[in-house]
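The following note is offered to a colleague who is meeting this structure without prior acquaintance. Its points proceed from the chain as a whole to individual residues.

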Amino acid sequence: MKKPMISHHVASAASGLRHVFVRDLEMMALIGIYEHEKVDPQRIIVNIDLSVNEGDGPQGDDIGHVVSYEIVVKKVEQIIADGHINLVETLCEKIAAACLRDKRVAAARVRVEKPDIIRNARSVGVEIERQR
């Protein structure tokens, strides 16, 4: 019997990884290819899951020693504040790149949903995973 494959991005003591995440961050954004989407902000939902290298030994009880979810949210807010983006794919890439600038982040999974676009769907969107 084959052993199950275990991702090196699974949070565990053996791999030295933890996951820092932001769930269902709801924001208004100028996103889309249609003219009205360039002037009328629409609701998006952002989910981020970061695989973070913990480093050696105890980190201490200090915010400076960890990847802060508050900083991650501020990065998303800044990207949105920078102005209109045509594609959800582009927004995902920008968020992942911003998160991966922190050298402790080994991988970033980013999902952006547009919940108000397709009437009979709860949401539509894109999810990507990028690694260092």
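1. Helices and strands are named here as DSSP runs, of at least four residues for a helix and at least two for a strand, and they are numbered from the N terminus. With that convention, L87 lies in the loop that joins α2 (69-81) to α3 (88-100). The model under discussion is a predicted one.

2. The protein chain contains three helices and four strands. Read from the N terminus, these elements follow the order β-α-β-α-α-β-β.

3. The protein chain has 132 residues, and 36% of them count as buried. Its accessible surface amounts to about 8700 Å², and carbon and sulfur atoms contribute 54% of that area.

4. Among contacts in the protein chain with a separation of 6 or more, 62% are between residues 24 or more positions apart.

5. Which residues form a nonpolar patch on the surface? They are I33, Y34 and L87, which together have about 310 Å² of accessible area. L87 is partly exposed, because its relative accessible area of 40% falls between the limits of 20% for buried and 50% for exposed.

6. D24 merits a separate remark on its backbone. Its phi is near 55 degrees, a positive value in a residue other than glycine. D24 belongs to strand β1, which covers residues 17-29. Is D24 buried or exposed? D24 is exposed, since its relative accessible area is 52% and the term applies over 50%.

Notes: Residues numbered from 1 in each chain as written. Predicted model: local features only at pLDDT ≥ 70, side-chain atom pairs only at ≥ 80, totals over all residues. Heavy atoms only, no water. Patch = residues over 30% accessible without salt bridge, like charges linked within 9 Å, V, L, I, M, F, W, Y side chains within 5 Å. Areas by Shrake-Rupley, 256 points an atom, 1.4 Å probe, with all protein chains shown as cover. Salt bridge = Lys/Arg side-chain N within 4 Å of Asp/Glu carboxyl O. Buried < 20%, exposed > 50% of the residue type's maximum accessible area, 1.4 Å probe, protein only. Contact = heavy atoms within 4.5 Å.
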